[in-house]
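Thanks for coming. I will go through the aromatic rings, then the cysteines, then one piece of the surface.

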Amino acid sequence: RFCSSIPPSAMGSRVVAVESSRPEMSEKESSKGSCMSSFARFPVYITCICANAVFQGMIVNGFISTSISSIEKRFNLSSTKSGIFSATYDVAVAVMLIPLAIYSKRINKSFVIGVGMILVGLGSLCIVIPQFSEGNYSVGSLQSDHCDSSRDHSCMEQPVSPWAFPILLASQLLVGVGAAPLFTYGYSCIDEFDAHKRTGKNMALFMGVSTLGPAVGFIGGGYLLKLWGDIGKTDYTELGVAGTADPRWYGAWWIGFVVAGLGCILSAVPMCFFPRKLYDTDERKKGDVALTHKKLDVDYSGHKWEYLKTFQLFLYNRTCMSLIAMQTFESLVMNGYITFIPKLFENLFGYSSSWAAMLTGIIVVPMGVLGNAIGAGLASKTSHSFTTMMKTTIVLNLIVVACSSVLFLRCDERPIAGVNRVWSNSSLGGTCSAHCECDHIFNPVCDQRSGVSFFSPCHAGCQRPLDHLTARDWNGCSCPDSTKVSKGWCTVDCNVTQVIFFTVFAIMAATIFSGGPILQNAALRVVSFDHRDQFICYGWMWMRICGSIPGAVVFGMLIDTTCLHWIKDCGDSQKCVLYDTTKLSLYTFLFTIITKLAVLIAQVSAWKSYVPIKGSDEEDQKNAENGA
């Protein structure tokens with residue numbers, strides 16, 4: 001039942017015998033596999049696992065992101081609770097990595113991936129349980145945004161049972177537990193079932209397809225949010241809700257989770273029937289070259305403390321820890337960017353929230369596919385040498401460092417009455433709008449004549465328009481000189497700056513994605529076959545605990561320090577509505593440059609500390625470099 005270890009003689013040769021490094025199928029597995037001899041082959045396998053990655057991405061990185069505001073509104077969640085809800089997934093993944101590493105040699109990893117994805121589907125379906133158990137959505141009264149001296153600032157919160165939030169957390173736990181095998185065992189299985197020289201291309205395909213899931217989730221989730229959340233149960237017009245422009249509107253966020261959950265379960269079923277070894281593996285693995293680190297060519301099979309010894313081996317090996325540090329710092333900056341890049345675009349260039357989110361998808365998804373394609377080509381050309389892989393990632397990282405200076409580009413700061421522009425007649429809470437009770441209102445408007453913005457029609461001293469729900473223009477305003485304002489911030493002309501920024505940013509995004517397949521290939525090559533799964537799980541544990549989980553928190557804290565004006569919501573929660581773009585650019589640049597320089601140090605450390613196994617081409621190359 002255990003994978004047979006690679007003997008030192010085989011590891012010392014230039015070509016590794018594939019048969020000695022693969023577990024033999026039992027009679028039960030062989031008979032089961034004979035029924036699928038035409039399907040248990042690598043092309044079918046990569047297709048199935050990619051389909052699973054698409055549905056996982058739709059749920060975790062797509063629908064969760066687009067639905068979080070609707071979930072907060074529907075179940076009356078504070079920002080703290082919604083943060084806990086999002087982080088539960090990463091915590092579940094991190095906890096699962098330990099048993100995945102320990103039992104990797106005893107199980108059929110493809111079967112575990114399939115069962116895990118079934119759990120992801122069930123978790124996705126469980127998320128919608130509170131939607132139906134909590135009854136109908138309570139609309140509440142509409143808070144007007146025009147000047148109103150008799151305004152009522154009281155809040156009407158959505159009544160929710162105490163079980164709703166625990167159910168949401170439990171569903172996220174299921175999704176996290178189920179998704180953990182996909183990106184740990186998934187990587188190792190792809191590497192085990194095909195030639196090493198094609199690992200880079202396979203990883204690029206897997207990672208590239210993974211970006212399609214979030215894209216479908218963002219687009220589909222955005223469309224579903226235009227449908228009424230209690231569809232078929234209540235009529236929003238009878239409740240006094242004017243439509244999607246009404247701030248009391250909440251969309252049908254739950255439909256996406258139902259569709260993706262069912263799709264996830266269906267795509268997971270074929271994974272459960274793949275044997276431990278595919279029928280074409282031996283033929284594909286002929287000619288694989290060993291690049292294992294000399295000090296990592298150790299076999300602890302049968303040792304009482306086998307797994308502790310293995311983790312100790314990784315911990316004390318400089319090359320291993322350098323690779324893990326590299327991946328951890330990358331996940332730190334990537335998770336921060338994924339979470340907050342729409343907000344960055346929104347504030348640097350004055351975009352609306354919807355356009356900033358859409359622009360993020362327009363840039364990130366194509367650049368992710370292009371970057372992974374470039375990474376596939378580079379990985380296939382460098383797969384023969386760990387040293388060459390590291391040098392390639394160093395060059396790519398230096399390009400990202402150079403491109404990150406584009407973060408200093410931004411539109412000129414827009415003038416806002418009472419904030420950064422002294423207005424003869426107005427300030428926040430000034431004389432012309434002092435009687436309007438505007439403290440908690442934010443709906444930016446623009447005085448086209450002066451080019452000065454106001455926080456809301458209320459702050460501009462505007463009276464209630466005839467159609468106050470869909471109004472885009474307000475007349476009879478006491479603060480602006482023109483007595484008329486229009487919805488939205490005043491625009492600042494910086495078209496050339498935007499073209500330069502997004503061109504360079506797209507290059508930076510593609511370069512970051514192109515390093516992924518190479519880095520993953522290097523991590524798989526540097527350890528022996530028997531330790532591959534443990535090393536992936538060990539690395540992912542560091543990435544989650546020290547990278548993904550704190551990444552968004554650190555980035556968010558940095559962004560909050562640049563806030564110029566906070567507005568309180570119901571209760572004690574508050575949100576920032578205006579940022580200092582100069583500080584925002586600077587802090588984002590510093591966050592990026594510091595983490596990328598840390599990645600660079602880790603890359604150089606991995607390159608310099610690598611010791612190839614005796615008798616390999618890599619050893620000859622390393623000796624030649626040292627001799628030079």
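To talk about ring clusters we need a rule for a pair: rings of Phe, Tyr and Trp, the last by its six-membered ring, are paired if their centres lie within 6.5 Å. Keep in mind that this is a predicted model. By that rule, ring pairs link Phe345, Phe349, Phe501, Phe502 and Phe505 into a cluster.

In total the structure holds 20 aromatic pairs. One of them is phenylalanine 349 with phenylalanine 502, a tilted pair, 5.3 Å centre to centre and with 45 degrees between the planes. This pair links distant parts of the chain, since phenylalanine 349 is in helix α14, residues 318-349, and phenylalanine 502 is in helix α17, residues 495-526. The two are 153 residues apart. Are these rings buried or exposed? Phenylalanine 349 is buried because its relative accessible area is 8%, under the 20% cut-off. Phenylalanine 502, at 13%, is buried too.

Compare that with tyrosine 538 and tryptophan 542, an edge-to-face pair with 6.4 Å between the centres and 70 degrees between the planes. Here both residues lie in helix α18, residues 532-560, four residues apart, which is about one turn of the helix. Tyrosine 538 has 8% relative accessibility, so it counts as buried. Tryptophan 542 has 31%, so it counts as partly exposed.

One more ring before I move on. The charged end of lysine 608 sits over the ring of tryptophan 607, 4.1 Å from the ring centre.

Now the cysteines. How many disulfides does the structure hold? There are three.

Cysteine 411 is joined to cysteine 494, with an S to S distance of 1.7 Å. Cysteine 411 lies in the loop between α16 (386-403) and β1 (445-447), and cysteine 494 lies in the loop between β4 (484-487) and α17, so this disulfide ties together parts that are 83 residues apart in sequence. Cysteine 411 is buried at 5% relative accessibility, and cysteine 494 is buried at 8%.

Next, cysteine 446 is joined to cysteine 490, S to S 1.9 Å. The link is right-handed, with 100 degrees about the S-S bond. Again distant parts of the chain are linked: cysteine 446 is in strand β1 and cysteine 490 is in the loop between β4 and α17, 44 residues apart. Both cysteine 446 and cysteine 490 are buried.

The remaining disulfide is between cysteine 462 and cysteine 477, whose sulfur atoms are 1.9 Å apart. This link is right-handed as well, with 105 degrees about the S-S bond. Cysteine 462 is in the loop between β2 (452-454) and β3 (473-475), and cysteine 477 is in the loop between β3 and β4, 15 residues apart. At 0% relative accessibility cysteine 462 is buried, and so is cysteine 477 at 2%.

What about cysteine 48? Cysteine 48 is in no disulfide, and the nearest cysteine sulfur, that of cysteine 50, is 9.5 Å away. A disulfide needs the sulfur atoms within 2.5 Å. Cysteine 48 is buried, at 15%. Cysteine 546, by contrast, is partly exposed at 36%.

Last, the surface. Phe408, Leu586, Leu590 and Ile594 form a nonpolar patch there, with about 340 Å² of accessible area together. Isoleucine 594 is found in helix α19, residues 581-609. With a relative accessible area of 56%, isoleucine 594 is exposed.

That is all from me.

Notes: Residues are numbered from 1 along each chain as its sequence is written. This is a predicted model: local features need pLDDT of at least 70, side-chain atom pairs count only at pLDDT 80 or more; totals for chains, interfaces and linings use all residues. Side-chain values use heavy atoms; hydrogens and water are left out. Patches are made of residues with over 30% relative accessible area and no salt bridge: like charges are joined within 9 Å, nonpolar side chains (Val, Leu, Ile, Met, Phe, Trp, Tyr) within 5 Å. Accessible areas come from the Shrake-Rupley method with a 1.4 Å probe; for residues, only the protein chains shown count as cover. A salt bridge is a side-chain nitrogen of Lys or Arg within 4 Å of a carboxyl oxygen of Asp or Glu. Buried means under 20% relative accessible area, exposed over 50%, partly exposed in between (1.4 Å probe, protein chains only). Rings of Phe, Tyr and Trp (its six-membered ring) pair if their centres lie within 6.5 Å; planes under 30 degrees apart count as stacked, over 60 as edge-to-face and the rest as tilted. A charge sits over a ring if NZ of Lys or CZ of Arg is within 6 Å of the ring centre and within 35 degrees of the ring normal.
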